[in-house]
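Here are some exercises to work through with the model open beside you. Try each task on your own before you read its solution.

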Amino acid sequence: MTEATTVPNDDVVVFLPGGGRASAALVAVPQAEAEVNVADLAVTRGDGVFESIGVVAGRPLELPRHLTRLAHSAELLELPAPDLAAFEAAVQAALAAHEPAPELLVKLFHSRGVETPAHTVDGPTGWVQVLSGADHTAARRDGVRVALLDRGYRSDIAQTAPWLLQGAKTLSYALNKAALREAARRGADDVVFVSTDGVLLEGPTANVVVRHGDVFRTPRTDLGILAGTTQAAFFDTVRARGFTAEEAVLTPDDLATADAAWLCSSGRLLAPIRSLDGAPLPVDADFTAGVLAEAFGLEAFGLEA
């Protein structure tokens, strides 16, 4: 089933069987040679879901949690259920084919499929992409500057308007990219959204964690935010150290008055928040380094695992 060929010095793609692809083998191809059907609804409508997974020393981090979240996102979009075993096999085949590196990033894509001339759908389709990891050393060590942005709806949107698909990791990312451009215009690196009723939510690509004393808190997932895999691993680690870690309803003031705060994502993993709308926040570099090492196998903010 799995056929992996090393493709030196190039990012790779492995397509899952189905969606009109005849081969059942998982063959890695260079990203520059990978072809997605232009009628695929992932391309024409953003009608699909995805996951991004950090890889340290060849090990995909929190893979079971990512696969579970992929299935949950697909369910929210009423997509055909993804074949999680096939996705896991494709991840391993793609990693085996990529040139080894201290850090990589794996992306999983699950689309409704290819729209035919008869307006039926041949699908689902899926593929896995392995990318060379960016160097996040500075963000992990020094922290990031964050701006608060109004998300434009109330914190109960997931209950009042479930068709807006809050809490699903969809391929429709234009709004998130627009928010990051706005952050740059404000002299910030990233964003934390706030609901119209004053509740702290999440970043465009990250969950928020705040610390007050020995208590670590993150916004509740029923507020229409994506359940965080990196945040969950962070909480596993601090609970094992004897701290309290919980979901809660938070406000911007909880972030502004925190003893420390982080953005948690699959690429950067943990990035301390060092300023909020221009006001400085404390950064606990030693604590961050310890969690990065214990939870994810990263040593001293470097890329050596």
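The exercises go from the whole chain to its strands and then to its empty spaces.

This is a predicted model, in which local features need pLDDT of at least 70, side-chain atom pairs count only at pLDDT 80 or more, and totals for chains, interfaces and linings use all residues. Residues are numbered from 1 along each chain as its sequence is written, and side-chain values use heavy atoms, with hydrogens and water left out.

**Exercise 1. The whole chain**

Task: Describe the make-up and overall dimensions of the protein chain.

Solution. Start with the secondary structure: the protein chain has nine helices and 17 strands (DSSP runs numbered from the N terminus, H or I of at least four residues for helices and E of at least two for strands). Next, compare sizes: the radius of gyration is 20 Å, close to the 19 Å that the globule rule gives for 305 residues, so the chain is as compact as a globular protein of that length. The radius is taken over C-alpha atoms, and the rule is 2.2 Å times the number of residues to the power 0.38. Along the principal axes, the C-alpha atoms fill a box of roughly 55 × 45 × 35 Å.

Now look inside. Of the 305 residues, 50% are buried (under 20% relative accessible area with a 1.4 Å probe, protein chains only; exposed is over 50%, partly exposed in between). Among contacts (heavy atoms within 4.5 Å) with a separation of 6 or more, 68% are between residues 24 or more positions apart.

**Exercise 2. Strand β15**

Task: Work out why β15 is described as largely enclosed, and find its partners.

Solution. First, count: six of the six residues of β15 (residues 260-265) are buried, so the rest of the structure largely encloses this strand. Second, sort the side chains: Ala260, Trp262 and Cys264 point one way, while Ala261, Leu263 and Ser265 point the other way. In a regular strand the side chains alternate between the two faces of the sheet.

Third, follow the pairing (at least two DSSP bridges between two strands). β12 (residues 207-212) pairs with β15 in the antiparallel sense over five bridges, with Val208 opposite Leu263. β16 (residues 269-276) also runs antiparallel to β15, joined by four bridges, and there Ala271 is the bridge partner of Leu263. Three residues lie between β15 and β16, which form a hairpin.

**Exercise 3. Strand β2**

Task: Trace the neighbours of β2 (residues 12-15).

Solution. Begin with the faces: Val12 and Val14 point one way and Val13 and Phe15 the other, all of them buried. Then turn to β3 (residues 26-30), which pairs antiparallel with β2 over three bridges; Pro30 is the partner of Val12. Finally, β9 (residues 125-132) is joined to β2 by four bridges, again antiparallel, with Val128 as the partner of Val14.

**Exercise 4. Empty space**

Task: Find the largest cavity and the second largest pocket, and classify their linings.

Solution. Take the definitions first. On a 1 Å grid over the protein atoms alone, a cavity is a set of points where a 1.4 Å probe fits but cannot get out, and a pocket is an open set with protein on both sides within 12 Å along at least five of seven lines; lining residues have an atom within 4 Å of a point. Points are joined across faces, edges and corners, and a volume is the space filled by probe spheres set on them.

There is one cavity of 30 Å³ or more, and the largest cavity has a volume of about 40 Å³. Its lining includes Glu62, His66 and Phe296. The second largest pocket holds about 190 Å³, with His72, Pro162 and Ile225 among its lining residues.
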